[in-house]
Amino acid sequence: HALIQQTLFHVGTISELDKSLHFEWRQDLKDPHLCSDISSILRSLYDELKDCPTQYKTLALVAKLCNFFSKFNQPACRDTARHIAKSMMQWAVELEAEISSSPSGAIRAKQVKLYQHASLALVEGDLVEDDVAWLIQSNVKSRNLFIADEDCAEIATNWSCIEYGMSACLSEVLQIAERSGQMLTGAFQLVVNSCPDGLNWTRWQKG
């Protein structure tokens, strides 16, 4: 993942001028044919992996690539990232039956990771109302369903990435959410329904 990200954000070639090295701005991403071809390739990768939950980490990387190239006037890439987020969430939902029949910290941790990667696929691109609704849902479930286990280091890293992404778009998320009473009501209902059974509620007192 790190090598691919370094390739994406590489500033260009290095030239020698006046006996010193200079970074040159990369120009290849301005080529519309390049981005269009990449959009098709990324969609093809999604189609190949969309029924393979074990490949969720690969799809998470595809989502990151999609969101990167969506910034170069490639809306199809953003659509692919949205499809990836929905696939992640569907896989997470499908794990619920397995968890109910045979509770396992490892399976619950995988479910949380899937919701986290859905959040990352959404938060790293331009947001519309549906994105915010899905983002709220994936965030609430990843937080409320988490239980400590041997995989918590990866989960903690994912949360850091989500919080970093949210910090850049929080005002936009709140503005979109405030326009929809149904979205806010649904978010509250989701929080209550996904809270741990042993949660102790206390009455809120102003001041």
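Reader: Which residues are linked with Arg78 in a network of salt bridges?

Author: This is a predicted model, so take the side chains in that spirit. Two members of the network sit in known elements: Arg82 is in helix H4, while Asp131 belongs to helix H6. Along with Arg78, the salt-bridge network takes in Asp79, Arg82 and Asp131.

Reader: How many residues apart are Asp131 and Arg82, whose side chains meet in a salt bridge?

Author: The N to O distance in the Asp131 and Arg82 salt bridge is 2.8 Å. The pair links distant parts of the chain, with Asp131 in helix H6 and Arg82 in helix H4. Along the sequence, they are 49 residues apart.

Reader: Is Asp131 buried or exposed?

Author: Buried means under 20% relative accessible area. Arg82 falls under that cut-off at 18%, so Arg82 counts as buried. Asp131 has 3% relative accessibility, and therefore Asp131 is buried.

Reader: Leaving aside neighbours within four places in sequence, which residues is Asp131 in contact with?

Author: Start from the partner's side: not counting residues up to four places away, Arg82 touches Asp126, Val128 and Asp131. Asp126 also turns up among the contacts of Asp131. With the neighbours within four places set aside, the list for Asp131 reads Arg78, Arg82, Leu122 and Asp126.

Reader: How many salt bridges does the structure hold?

Author: Side chains of opposite charge can pair when their charged atoms come close. One such salt bridge joins Asp131 and Arg82, and another joins Glu154 and Lys113. In total, the structure holds nine.

Reader: Where does Glu124, the salt-bridge partner of Lys64, lie?

Author: The closest N and O atoms of Glu124 and Lys64 are 3.1 Å apart. The pair links distant parts of the chain, 60 residues apart, with Lys64 in helix H3. Glu124 lies in the loop between H5 and H6.

Reader: Why does Lys64 count as partly exposed?

Author: Anything from 20% to 50% relative accessibility falls between buried and exposed. Its partner Glu124 has 25%, so Glu124 is partly exposed. Lys64 counts as partly exposed because its relative accessibility is 27%.

Reader: In the salt bridge of Glu154 and Lys113, which helix does Lys113 lie in?

Author: The side chains of Glu154 and Lys113 meet at 3.2 Å, N to O. Glu154 lies in helix H7, so the pair ties together parts that are 41 residues apart in sequence. The helix that holds Lys113 is H5.

Reader: Is Lys113 buried or partly exposed?

Author: The cut-off for buried is under 20% relative accessible area. Glu154 has 24%, so Glu154 counts as partly exposed. Lys113 has 6%, and therefore Lys113 is buried.

Reader: What is the angle between the planes of Phe68 and Phe69?

Author: The count of aromatic pairs comes to one. That pair is Phe68 and Phe69, with 5.1 Å centre to centre, and both residues are buried. Planes over 60 degrees apart count as edge-to-face, and this pair is edge-to-face at 85 degrees.

Reader: Which residue has its charged end over the ring of Trp159?

Author: For a charge to sit over a ring, CZ of Arg has to be within 6 Å of the ring centre. Here the distance is 4.3 Å from the centre of the Trp159 ring. The residue is Arg143.

Reader: Which residues have the most contacts inside the largest nonpolar core?

Author: The largest nonpolar core has 51 residues. Elements giving two or more residues to this core include helices H2, H3 and H4. Leu59 is in contact with Tyr46, Leu49, Lys50, Ile84, Met88 and Trp91, leaving aside neighbours within four places in sequence. The residues with the most contacts inside the core are Leu42, Leu59 and Met88.

Reader: How far apart in space are Ser39 and Pro75, C-alpha to C-alpha?

Author: Ser39 is in helix H2 and is buried because its relative accessible area is 8%. Leaving aside neighbours within four places, Ser39 is in contact with Gln74, Ala76 and Cys77. Ser39 and Pro75 are 36 residues apart in sequence, and their C-alpha atoms are separated by 8.9 Å.

Reader: What pattern does the chain follow along the sequence?

Author: The chain has eight helices and two strands. Buried residues make up 40% of its 207 residues. Read along the sequence, the pattern is α-β-β-α-α-α-α-α-α-α.

Note on methods. Residues are numbered from 1 along each chain as its sequence is written. This is a predicted model: local features need pLDDT of at least 70, side-chain atom pairs count only at pLDDT 80 or more; totals for chains, interfaces and linings use all residues. Side-chain values use heavy atoms; hydrogens and water are left out. Rings of Phe, Tyr and Trp (its six-membered ring) pair if their centres lie within 6.5 Å; planes under 30 degrees apart count as stacked, over 60 as edge-to-face and the rest as tilted. Buried means under 20% relative accessible area, exposed over 50%, partly exposed in between (1.4 Å probe, protein chains only). A charge sits over a ring if NZ of Lys or CZ of Arg is within 6 Å of the ring centre and within 35 degrees of the ring normal. A nonpolar core is a set of buried Ala, Val, Leu, Ile, Met, Phe, Trp, Tyr and Cys residues joined through side-chain atoms within 4.5 Å. Helices (H or I, at least four residues) and strands (E, at least two) are DSSP runs, numbered from the N terminus. Contact means heavy atoms within 4.5 Å. A salt bridge is a side-chain nitrogen of Lys or Arg within 4 Å of a carboxyl oxygen of Asp or Glu.
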